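Open the model in your viewer and keep the selection tool at hand. The stops below go from one selection to the next.

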Amino acid sequence: MKFTPFVFCLFLSQFVRAQTIDSVALNNFRDAVLELQNSELMRSGSLAISIKSVKERSNVFALNHERSLPSASTLKLVSTATVLALFGGDFKFQTFLEHDGAIKGDTLFGNLYIHGTGDPSLGSDRFKGYPTANDLILRWTAAVKKAGIKHIKGKISPDASFFDNATLASTWIWGDIGNYYGAGVQGLNFNENLYKIKFKPGVEFGDPTSFLGIEPVIPYLSFVNQVTTNERGSGDQTIVYSDPLGTNVLLTGTIPAGSPVFSVKGSIPNPAEYAAFALKTGLKSAGVMVYDENAPFPALAFPTPNPKVILDEYKSPPLRELCQQTNFWSINLYADTFFKQAGKRLNGKSDYDNAATAITGYWSGRGADLRGFYIKDGSGLSPSGSISTNNLTDILNFASKDASFNDFYKSIAVLGLNGTVRNLGKGTKAAGNLHVKSGSIEGTRAYAGYVTSKSGALLSFSIIAHKYLPGSNRLISDSLVKLMTLMAEL
């Protein structure tokens, strides 16, 4: 549906009855939208925009606002708003170190478990004052030794049973899931489910690279390196292919010449298994002997029916801090964990399909217009998921009614100041005003969040540009930032 002056005037008249707005600024915004929509950039694509008054829930401006398009990472606003509304900003994930046996003398006759409840930040180095992955291994080892255990006649096992065993959405593409941003979600996540892959580039364009190993060391993974050398400044163009529960990894693509060591991030296949492996290694280094060295890990270990004894209980940073990191830095793992967590709370099922149904029902039940809301995950990584800009501004408006809204609002990065939008809009009146989540997947650029008008009214907004001219990522981003700077004049 093409934008018409009649539609614009209708929405303008509705808005003016609700509150004061600068009509000149709104006309300037409209003109800029029409210029972009009619440009060569959008000749074969779709531009969709929704701006609403949060207080009145009335339309300020709309263009193709009911067209269902890929959301990219702006979908993380839905995931974080949902989990904060359901659990509150004070909520903390728990992780337990447990055993199911009996301690006789200095020997545990039974199994040791790391029992997760979905914490995506377990072992992360993002949070000051909280233990890293290495710190947690030391902490858990100390807890075992404090219990007087020097010998374990049983397995060191992960308990990832809190969530279902579908770690990935079925709609994610093969070229994403081995890379860090495509990490799957388990009931036990560890070290943000990532590892670093180190290469030594060649000298000339097209030269093979040398594989220098990974950090942390995961000896049961095997690698085939097909990465070659690209020109200086070309950046990370690698693709990591791996089975989410397997041990074989294929490395393809290119890295730039010019550095002695170049690192890229991959996603750990079966991070729950890695957590148990790391603890077993740490125990052995500390002199605690485990007498089941050759026992294979179950793919997603489930607990035995025997009663558990807790040796250590760890609590994550508060949910408000996790959501802020999610929205500031667009962390897919965190958003998809919140997605599963919300699904489990709402209907007892954490798999992607049922979580999507539950979250859709939750916001629809609160009155949001979710026609065209076809989500597949919580991060926006799925290219087949889609929403309308009208869906998103409706949800943003209803989120403003929650007791957790202050935490949600603060979790969204500020244009020109921080997060993924820290370098956008600098020197304009929009800098420091707009709270914005950015999003991008192939062929799509999106921004959504809140802006305060000159009259002091809070407005919600969502912009999606889809199937713009190939190779014009920078141009389309600049054009959308221009629209956001004009929003600050409303």
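The tour of this predicted model visits a sheet, the helices on it, and then the nonpolar cores.

**The sheet.** Select strands E8, E6, E3 and E17, in that order: these four make up an open sheet with mixed pairing. Which strands stand at the edges? They are E8 (156–159) and E17 (309–315); each has a single partner strand, so one side of each lacks a neighbour in the sheet. From one strand to the next, the twist averages 20 degrees.

**The E3–E17 pair.** Now restrict the selection to E3 (residues 94–99) and E17, which pair in the antiparallel sense over six bridges. To find one pair of partners, pick Glu-98, whose bridge partner in E17 is Ile-310.

**The helices on the sheet.** Add helix H4 (residues 133–146), which packs on the sheet and touches E3, E6 (112–116) and E17. The direction of H4 makes about 155 degrees with that of E17. Next add helix H6 (residues 271–285), which lies across E3, E6 and E8 and runs at about 150 degrees to E8.

**The cores.** Clear the selection and show the side chains of Val-78, Leu-319, Phe-338, Trp-363, Ile-375, Phe-408 and Tyr-450. Within the largest nonpolar core, of 51 residues, these touch the most other members. Elements giving two or more residues to this core include helices H7 (319–329), H8 (332–347) and H9 (352–365), as well as strand E19 (444–452). Which helix gives the most? Select H3 (76–87): H3 contributes seven residues.

For the last stop, select Leu-108, Leu-188, Phe-190 and Tyr-195, which are among the 41 residues of a second, separate core.

Notes. Residues numbered from 1 in each chain as written. Predicted model: local features only at pLDDT ≥ 70, side-chain atom pairs only at ≥ 80, totals over all residues. Heavy atoms only, no water. Core = buried A, V, L, I, M, F, W, Y, C linked by side-chain atoms within 4.5 Å. Buried < 20%, exposed > 50% of the residue type's maximum accessible area, 1.4 Å probe, protein only. Pairing = 2+ DSSP bridges. Axes fitted to C-alpha atoms, helices over the stretch in contact; angles between N-to-C directions. Contact = heavy atoms within 4.5 Å.
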